[in-house]
Amino acid sequence: DLTVSVIDVPYIWVANSSDNTISKHHSVSRIEIARYKVDPGCGNPSRTAVNDVGGVWVACREGNHIVHIAPNDAFCIDKNNNGIIDTATVVYNEDGSKTVNLLEPDDDDCILYHGVPQTADDATSDAQNNPVPPLSSGEVGFRGVAVRADNTIQLGAHDYMAGHTWLGEYRYDPEQPYQQDVNPGLFIIDHWYIPGLEHTDWNGEPCSFDGGYTARAYGYAVNQSGDLWVSSLDSWISWVDLDNRRSCSFSTPSTYGIAIDWAGRVWLGDWSGGSQIGHVFDPSTKSLHSISQMMDGQSFWNVTNLPSSQYTR
């Protein structure tokens, strides 16, 4: 017997990097319904990933902080036990203007976690030997975040932590008192150094890996098999079989955003500055297809009337 469960999570989460806030928009009404302030250690909140109930994980480009926000009041935590959920709101006035009411992260009951992930006591030896390093403000840290099917979090990095990827587990015991960074907390349970893994592909055949840039991640996506795909500005993408600890890289233009479709194809936003707006990598044939025009054959850039300076966005 097959059963289908439909969860209504009509939210679009937007990281406002220069404002150090996270906005939640309703995709049906198309209005902002909440905005959350992140802690000072989270500089430039950027990458986002959504879990199976609509909650968001946000990776901060500076300071190595991770933020987790609940999708709605049912998942929030009454931190001060006052019997109500205290959280940020957006109120719309009669003239259509809006008022944003922010709370400090520790006072917002819907900000479930914010901080630098700590290594779990029961983590693998690889994770124990490679903890997430604390970074100062301004130092470039996390550049990739993806939610796996079991709701664990895959985290990746650029620059100072290039080539490293960590698996984090969110832990919360409602029977125990709330304690920031402890209950709940994000705990690292495994670690991989991608360039140092075995280099064989999904068919068991030897493959290449461009270790010259030590796997500087710019975006993360996890496919249906739990494998990790990594986009990079360094003209390649990488595939990581996390379960069997092996990896391959494939030559592409410089890429930025990344997503996986129903067939396991890897969709990539372009960052090369050319006429392409994106690319699709098909693992079944190991081939790359570039996209530069609309379905009617017109140039995407001409139809959208965007200036050439936007080609690399």
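**A guided look at strands and pockets**

Visitor: Which strands each supply at least two residues of the lining of the largest pocket?
Guide: Welcome, and please keep in mind that this is a predicted model. Four stretches to find along the sequence are 43-50, 142-147, 219-222 and 255-260, and each gives at least two residues to that lining. In order, they are strand 4, strand 11, strand 15 and strand 19.

Visitor: How much space lies in the largest pocket?
Guide: The space in the largest pocket comes to about 500 Å³. Its lining counts 27 residues, and those closest to the centre are Ala49, Val145, Ala146, Val147 and Tyr220. To return to your question, the volume is about 500 Å³.

Visitor: Which class, nonpolar, polar or charged, has 13 residues in the lining of the largest pocket?
Guide: Charged residues number 4 in this lining, and polar residues number 10. The class with 13 residues is nonpolar.

Visitor: Which residues lie nearest the centre of the second largest pocket?
Guide: The second largest pocket holds about 260 Å³ of space. Strand 6 (66-69) and strand 13 (164-171) each bring at least two residues to its lining, which divides into 11 nonpolar, 5 polar and 3 charged residues. Out of 19 lining residues, the ones nearest the centre are Asn51, His68, Phe75, Leu112 and Tyr170.

Visitor: Is isoleucine 188 buried or exposed?
Guide: You will find isoleucine 188 in strand 14, residues 185-193. Beyond its sequence neighbours up to four places away, isoleucine 188 touches a number of residues, including Pro117, Ala127, Leu155 and Trp166. Its relative accessible area is 1%, and buried means under 20%, so isoleucine 188 is buried.

Visitor: What distance separates the C-alpha atoms of isoleucine 188 and proline 131?
Guide: These two residues stand 57 residues apart along the chain. In space, their C-alpha atoms are separated by 7.8 Å.

Visitor: Which residues does glycine 115 touch, not counting residues up to four places away in sequence?
Guide: Glycine 115 is part of strand 9, residues 111-115, and counts as buried at 5% relative accessibility. Its C-alpha lies 32 Å from that of glutamate 198, which is 83 residues away in sequence. The residues that glycine 115 touches are Asn64, His65 and Ile66.

Visitor: Which are the edge strands of the open sheet with the order 1-2-3?
Guide: Three strands make up this open sheet, and their pairing is antiparallel. An edge strand pairs on one side only, and that description fits strand 1 (11-16) and strand 3 (32-37).

Visitor: Which residue in strand 3 is the bridge partner of histidine 25?
Guide: Strand 2, residues 21-26, runs antiparallel to strand 3, and the two pair over 5 bridges. Across from histidine 25, the bridge partner in strand 3 is glutamate 32.

Visitor: What is the strand order of the open sheet whose edge strands are strand 15 and strand 18?
Guide: This sheet has 4 strands with antiparallel pairing. Strand 15 and strand 16 (228-231) are joined by 4 bridges, strand 16 and strand 17 by 3, and strand 17 and strand 18 by 6. Put together, the order is 15-16-17-18.

Visitor: Which residue in strand 17 is the bridge partner of valine 230?
Guide: Valine 230 belongs to strand 16, where it is also the bridge partner of tyrosine 220. In strand 17, valine 230 has as its bridge partner serine 238.

Visitor: How many of the residues of strand 17 are buried?
Guide: In a regular strand the side chains alternate between the two faces of the sheet. On one side of strand 17, Trp236, Ser238 and Val240 are buried, and on the other side Ile237, Trp239 and Asp241 are buried too. The count for strand 17 is therefore 6 of 6.

Visitor: Which residue takes a positive phi in the hairpin of strand 17 and strand 18?
Guide: This hairpin has 4 residues between its strands. The residue with a positive phi, near 55 degrees, is arginine 245.

Visitor: Which residue in strand 22 stands opposite valine 280?
Guide: Strand 21 (278-282) and strand 22 (287-291) run antiparallel and are joined by 5 bridges. They form a hairpin in which lysine 286, in the turn, has a positive phi of about 55 degrees. Opposite valine 280, in strand 22, stands histidine 289.

How values were computed
Residues numbered from 1 in each chain as written. Predicted model: local features only at pLDDT ≥ 70, side-chain atom pairs only at ≥ 80, totals over all residues. Heavy atoms only, no water. 1 Å grid on protein atoms, 1.4 Å probe; cavity = no way out; pocket = protein on both sides within 12 Å on 5 of 7 lines; lining within 4 Å. Points joined across faces, edges and corners; volume = space filled by probe spheres on them. Nonpolar A, V, L, I, M, F, W, Y, C, P; charged D, E, K, R; others polar. Buried < 20%, exposed > 50% of the residue type's maximum accessible area, 1.4 Å probe, protein only. Contact = heavy atoms within 4.5 Å. Pairing = 2+ DSSP bridges.
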